[in-house]
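Colleague: I have this one open on my screen, and I'd like to go through it with you. Could you take my questions as they come up?

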Amino acid sequence: MNSYEKYNLKEVINASGKMTILGVSKVSDEVLAAQQFGGQHFFEMADLTIQTGKHIANLLGAEDGIVVSSASAGIAQSVAGVIGEGNSYHVYHPFTNQITKREIILPKGHNVDYGTPVEVMVELGGGQVVEAGYANMCSAEHLEMMITPNTAAILYIKSHHTVQKSMVTVDEAAAVAKRHKLPLIVDAAAEEDLVKYREAGADLVIYSGAKALGGPSSGLVIGKASYIEWVRLQGKGIGRAMKIGKENILGLTTAIEEYVRDGSESGTSMKARLEPFIKALNQLPHLQASVEQDGAGREIYRAKVQIKDSAPLSAIEVIKKLKEGQIAIYTREYRGNNGIIEFDIRAVNEKEMQQIVTRLAEILK
């Protein structure tokens with residue numbers, strides 16, 4: 001009896017992407033073996049945290065790093081770290097009125113809800129969000145004009161959820177931070193490049209361990225050694241409520257080793273796997289399928305399906321029906337109101353693609 005049967009759960013085809021609501025990623029046998037070793041052995045946890053962080057930093061060419069429980073925890077603990085600046089009193093009294101330098105400047109178009117609002121994680125870390133610019137634009141000048149003596153850091157969210165047009169770049173944000181001697185924190189949770197944001201001038205960069213890296217539920221913060229030490233110190237403060245187990249520390253460290261060694265699936269491979277899927281979809285009535293690249297410019301290609309006006313159901317209704325089948329099929333539904341459904345095939349095999357085609361045929365007959 002598998003877990004679907006034991007707990008009366010639906011089987012899921014994840015054509016949505018590496019999404020938290022579906023458990024994010026599948027992990028490799030090598031990662032599972034590392035988790036098993038961690039689960040069956042004991043460690044001096046402080047040493048494990050330091051040594052795995054340094055090992056990851058060496059792999060990525062960073063000064064230091066730390067494995068945390070999630071990218072969200074990485075935001076909260078990074079914010080707490082730059083506010084406290086290594087102050088032990090702050091660790092034990094993170095929301096004390098004695099510390100007033102708490103402002104975290106964030107482009108307005110980056111203050112998004114990615115499952116929880118960015119500002120919730122900033123506030124959890126004791127920060128106060130100060131929005132720069134406007135919903136449709138933010139320049140380096142907009143960032144600069146919001147800096148005050150109470151500014152603790154600049155936060156930049158690199159995500160498909162954020163506004164993409166007319167936005168300050170990481171390089172420009174880093175230049176502003178450097179001019180004003182402020183740390184720049186970049187949340188790059190789902191990003192695949194583990195080097196470019198540090199090279200652009202970020203002091204702390206945050207990744208989800210379970211998204212592009214293909215690790216277990218976890219997060220990674222890498223960057224300058226002094227700032228990482230401040231983040232690590234939060235384990236005695238707010239980070240205690242976000243601690244990660246030894247199994248997942250070792251699992252993520254192994255996943256990063258694999259990622260550095262093997263990389264992720266190439267765009268060329270995705271397009272090749274999409275070709276027969278697109279062809280099969282275009283044989284169905286009431287829809288038009290094509291290949292489309294990720295809107296944030298990542299090397300990710302998906303099936304874009306336009307539900308035609310002749311269809312008996314709207315795109316929103318089709319999305320709902322796909323989830324309601326015997327096997328729940330999850331898609332990217334951000335453009336459903338415009339009649340568009342996207343299928344991310346990174347975690348979808350050939351058999352599952354055929355199941356998707358069959359289910360769409362049933363829904364649209």
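Modeller: Gladly, and one term first: a residue is called buried under 20% relative accessible area, exposed over 50%, and partly exposed in between. Please keep in mind that this is a predicted model.

Colleague: Then what does Phe 37 count as?

Modeller: Phe 37 has a relative accessibility of 44%, and because that value falls between the two limits of 20% and 50%, Phe 37 counts as partly exposed.

Colleague: And where does Phe 43 fall, by its relative accessible area?

Modeller: Phe 43 is partly exposed as well, with a relative accessible area of 29%.

Colleague: How are the rings of Phe 37 and Phe 43 placed, and why is the pair called what it is?

Modeller: Their ring centres lie 6.4 Å apart and their planes meet at 55°, so the pair is tilted, since that angle is neither under 30 nor over 60 degrees.

Colleague: How many aromatic pairs are there by this rule?

Modeller: The count comes to 3 aromatic pairs, and one of them is formed by Phe 277 and Phe 343, which are edge-to-face at 6.0 Å centre to centre with 80° between the planes.

Colleague: Changing topic, which domains does the assignment give?

Modeller: Domain 1 is made of 3–22 + 265–364, and domain 2 covers 43–262. Their C-alpha centres lie 32 Å apart, and the contact takes 10 residues from domain 1 and 10 residues from domain 2.

Colleague: What area is buried there, and which three residues of domain 1 supply the most?

Modeller: About 760 Å² is buried between domain 1 and domain 2, with carbon and sulfur atoms giving 47% of that area. On the side of domain 1, Lys 18, Ala 296 and Arg 298 supply 63% of what that domain buries against domain 2, more than any other three residues.

Colleague: How many salt bridges cross that interface?

Modeller: The rule finds 0 salt bridges across the interface of domain 1 and domain 2, while the count of residue pairs in polar contact is 1, with both residues at pLDDT 80 or more. The residues of domain 1 that touch domain 2 divide into 3 nonpolar, 2 polar and 5 charged.

Key: Residues numbered from 1 in each chain as written. Predicted model: local features only at pLDDT ≥ 70, side-chain atom pairs only at ≥ 80, totals over all residues. Heavy atoms only, no water. Domains from an automatic or database assignment. Contact = heavy atoms within 4.5 Å. Buried area = accessible area lost by both parts, 1.4 Å probe. Salt bridge = Lys/Arg side-chain N within 4 Å of Asp/Glu carboxyl O. Polar contact = N/O pair within 3.5 Å; in protein donor to acceptor, adjacent residues only side chain to side chain. Nonpolar A, V, L, I, M, F, W, Y, C, P; charged D, E, K, R; others polar. Phe/Tyr/Trp six-rings, centres within 6.5 Å; stacked < 30°, edge-to-face > 60°. Buried < 20%, exposed > 50% of the residue type's maximum accessible area, 1.4 Å probe, protein only.
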